[in-house]
Amino acid sequence: MTDRHQPVLIVDFGSQVTQLIARRVRESGVYCEIHPYDKAEAALFALQPAAIILSGGPASTTEDESPRAARALFEAGVPVLGVCYGEQTMVAELGGAVETGHHREFGRAEIAITRDSPLFAGLGEHQQVWMSHGDKITAIPEGFQVIATSSGSPFAAIADEARQFYGVQFHPEVVHTPHGAQIYRNFTHGIAGLSGDWTMAAFRGEAIARIRAQVGKGKVICGLSGGVDSSVAAVLIHEAIGDQLTCVYVDTGLMRLGESEQVVSLFRNHYNIPLIHVDASEQFLGELAGISDPETKRKTIGRLFIEVFDREAGKIDGAEFLAQGTLYPDVIESVSAKGGPSAVIKSHHNVGGLPDFMKLKLVEPLRELFKDEVRVLGVELGLPPAFVGRHPFPGPGLAIRIPGEITPEKVATLQKADAIYLEEIRNAGLYDQIWQAFAVLLPVKTVGVMGDARTYEDVCALRAVTSTDGMTADFYEFPWAVLAKAATRIINEVKGINRVVYDVTSKPPGTIEWE
Ligand SMILES: Nc1ncnc2c1ncn2[C@@H]1O[C@H](COP(=O)(O)OP(=O)(O)OP(=O)(O)O)[C@@H](O)[C@H]1O
Ligand SMILES: O=c1[nH]c(=O)c2[nH+]cn([C@@H]3O[C@H](COP(=O)(O)O)[C@@H](O)[C@H]3O)c2[nH]1
Ligand SMILES: NC(=O)CC[C@H](N)C(=O)O
Ligand SMILES: [Mg+2]
């Protein structure tokens, strides 16, 4: 796989922060993929990685049947770095010992580097790190030496320099380990000798070649939402196959106020790519009527999207491919549970929400990328800022911002509130500081007083988050005046809402959307 620039294989044992390992590795210009531990051997043969990282995880190596790294990973002749559970399983498998039931070490800790190692090249003797474990290594395998200690972990970092095997009990991937990125860089560049040549400019050329190889002379329809991902996908595919591509915008009836008109005109003004505008709102709202379970909503919407795409493909002679702007987090969040040890959080409409049988073959050129990488690719492709800087908007749209049953009236109410909220954010000049902002219509009525009369109406929740890739997020700290103005306007201008609240939940433990 030479066009993959010597990837790194990340073996997932179910840690909540495995994605962050991938981010740190990619930020240093190295391509990597995450695979569940029980599929790691197959991934090893398919990817031919230049280095392997074993993630943390919730299990304990002291339990029977806890997950293990395949022997082949240690026999591949490439450097291996084990992180937390990854270190523990490496130790257990290679002849050391791990015990359970010691005091938990959770949060900030300091390590002392006790021995020169390329893993810590360029770092001072004392390092702040972040720990999150209960088990403890009590003996290390032959060939290993301790390279760092902490008060709670005599084996905070270990190395077998000859075999290039490394283990760290702390998590270098989280920001609470301030020099963690340097540790990953030392591993990938210094130890594995990778050059960091994986850039979006390189990706563009390779992606185009892959699209051409996959599609041949076939015709492709591309689901275009006007969001960053599908706009970038469409322009990239157009560059690859020109007029074999037709874009399809689906008005689900769950879009934001005025969105359909805006997207269609913006895209038609900027690009000479044929775009079909399908109004499927009656079908979507009809089939969603009476459904209040979030996963059922998502699966229904996933199926309806495919029905619409199938119908449109049938009208275009010989269209056999469906392109989507699917990203890496969509894939990980909805499918990892099938093989991996982590839980399904949500079925993204374009991945886990897809029906089992599909006539159209998928073309997903961004399937390996994170959101911020897609934005860089968009700039590389010359997309205007109006596309590249847009807040994400989920395919299921307002359906997952109306907990409970969806009705056309509720959609109309939410559209108005959402438009006011975003207008106030833009007026205050805050749009680009916020990663995503939207309103949610709650199925909760509260009592209010307006014009001396009692009201009994719905609650609207406002959400705004900062993030880099949507995998983790913080709530945005608004200046109060902006929130207050938005709230006042919503209550005054939108019939049916008499109370506004602000959501101050981060992700985790929350998610960005409410369903
Ligand atoms: N209304 C729509 N019409 C056609 N395709 C859509 C629509 N909504 C979503 N899709 C398809 O589903 C994919 C995933 O949606 P998603 O919202 O994650 O991406 P996006 O809309 O392209 O970008 P963004 O994340 O910035 O909103 C899109 O890339 C697109 O291919
Ligand atoms: O196209 C999409 N189809 C979906 O089914 C979907 N669910 C969530 N999202 C978007 O993903 C990001 C993370 O959202 P959550 O924290 O709610 O999972 C946020 O940006 C969400 O808006 C979706 N996008
Ligand atoms: N974060 C982790 O990988 C934890 C590893 C293991 N479950 C422990 O508690 O020690
Ligand atoms: Mg979108």
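Start by selecting Cys84, His171 and Glu173, the residues that the unreviewed UniProt entry annotates as "active site". They spread over 90 residues of sequence, yet they cluster in space, with a largest C-alpha distance of 11.2 Å. Keep in mind that this is a predicted model.

**Stop 1: His171**

Zoom to His171. It sits in the loop between strand 11 (165-168) and helix 5 (180-191). Is His171 buried or exposed? His171 counts as buried, because 22 C-beta neighbours fall inside 10 Å and the cut-off for buried is 20 or more. Now show its contacts, leaving aside neighbours within four places in sequence. They are Val17, Gly56, Val83, Cys84, Trp130, Ser132 and Thr177. Note Cys84 in that list; Cys84 also carries the "active site" annotation in the UniProt record.

**Stop 2: Glu173**

Move on to Glu173. This residue is also in the loop between strand 11 and helix 5. Glu173 counts as buried, because it has 27 C-beta neighbours inside 10 Å. Which residues does Glu173 touch, not counting those up to four places away in sequence? Select Val17, Leu20, Ile21, Arg24 and Gly180. Val17 is a contact of Glu173 and of His171.

**Stop 3: ligand 3**

Select ligand 3 and the residues around it. The shell consists of Ser15, Gly56, Gly57, Pro58, Ala59, Ser60, Cys84, Tyr85, Ser132, His133, Gly134 and Asp135. Colour the shell by class: 4 residues are nonpolar, 7 polar and 1 charged. Cys84 is in this shell, which links the ligand to the annotated "active site". Gly56 and Ser132 belong to the shell as well, and both are in contact with His171.

**Stop 4: two residues with positive phi**

Open a Ramachandran plot. Most residues other than glycine have a negative phi, and most peptide bonds are trans. Pick Gln48 first. Its phi is positive, about 50°, although Gln48 is not a glycine. Gln48 is in the loop between helix 2 (40-47) and strand 3 (51-54). Gln48 is partly exposed, because 15 other C-beta atoms lie within 10 Å.

Then pick Gln164. It too is not a glycine, and its phi is positive at about 60°. Look for Gln164 in the loop between strand 10 (157-160) and strand 11. With 18 other C-beta atoms within 10 Å, Gln164 is partly exposed.

**Stop 5: the domains**

Zoom out and colour by domain. The assignment gives domain 1 (2-191), domain 2 (200-388) and domain 3 (407-502). How far apart are the C-alpha centres of domain 1 and domain 2? They lie 36 Å apart.

**Stop 6: ligand 1**

Select ligand 1. It is surrounded by 20 residues, and the closest are Gly223, Ser225, Gly227, Ser230 and Gly325. Helix 7 (228-241) and strand 13 (245-251) are the elements that give two or more residues to this shell. By class, the shell has 8 nonpolar, 9 polar and 3 charged residues.

Now add the "binding site" annotation from the unreviewed UniProt entry. It covers Ser225, Gly226, Gly227, Val228, Asp229, Ser230 and Ser231. Ser225, Gly227 and Ser230 are among the closest residues to ligand 1 and are part of this annotation.

Two of the annotated residues deserve a click.

- Gly226 is in the loop between strand 12 (219-223) and helix 7. It counts as partly exposed, because it has 19 C-beta neighbours inside 10 Å. Beyond four places in sequence, Gly226 is in contact with Ser231, Val263, Leu266 and Phe267.
- Asp229 lies in helix 7. It counts as buried, because 24 C-beta neighbours are inside 10 Å. Beyond four places in sequence, Asp229 is in contact with Gly325, Leu327, Leu366 and Val374. Gly325 is also among the closest residues to ligand 1.

**Stop 7: helix 7**

Stay here and select helix 7 as a whole. It has 14 residues and reaches 20 Å from first C-alpha to last, close to the 20 Å expected at 1.5 Å a residue. Helix 7 is mostly covered, with 13 of its 14 residues buried. Step past the end of helix 7 to Gly242, where phi is positive, near 50°.

**Stop 8: ligand 2**

Finish at ligand 2. Which of the 16 residues around ligand 2 come nearest? Select Pro394, Gly395, Thr511, Ile512 and Glu513. The shell around ligand 2 divides into 4 nonpolar, 7 polar and 5 charged residues.

Methods
Residues numbered from 1 in each chain as written. Chains lettered and ligands numbered in written order. Predicted model: local features only at pLDDT ≥ 70, side-chain atom pairs only at ≥ 80, totals over all residues. Near = placed C-beta within 6 Å. Nonpolar A, V, L, I, M, F, W, Y, C, P; charged D, E, K, R; others polar. UniProt positions renumbered as here; feature names shortened; annotations may be inferred. Helix = DSSP H or I, 4+ residues; strand = E, 2+ residues; numbered from the N terminus. Buried ≥ 20, exposed ≤ 12 C-beta atoms within 10 Å, placed from the backbone. Contact = placed C-beta atoms within 7 Å. Expected span 1.5 Å × (residues − 1). Domains from an automatic or database assignment.
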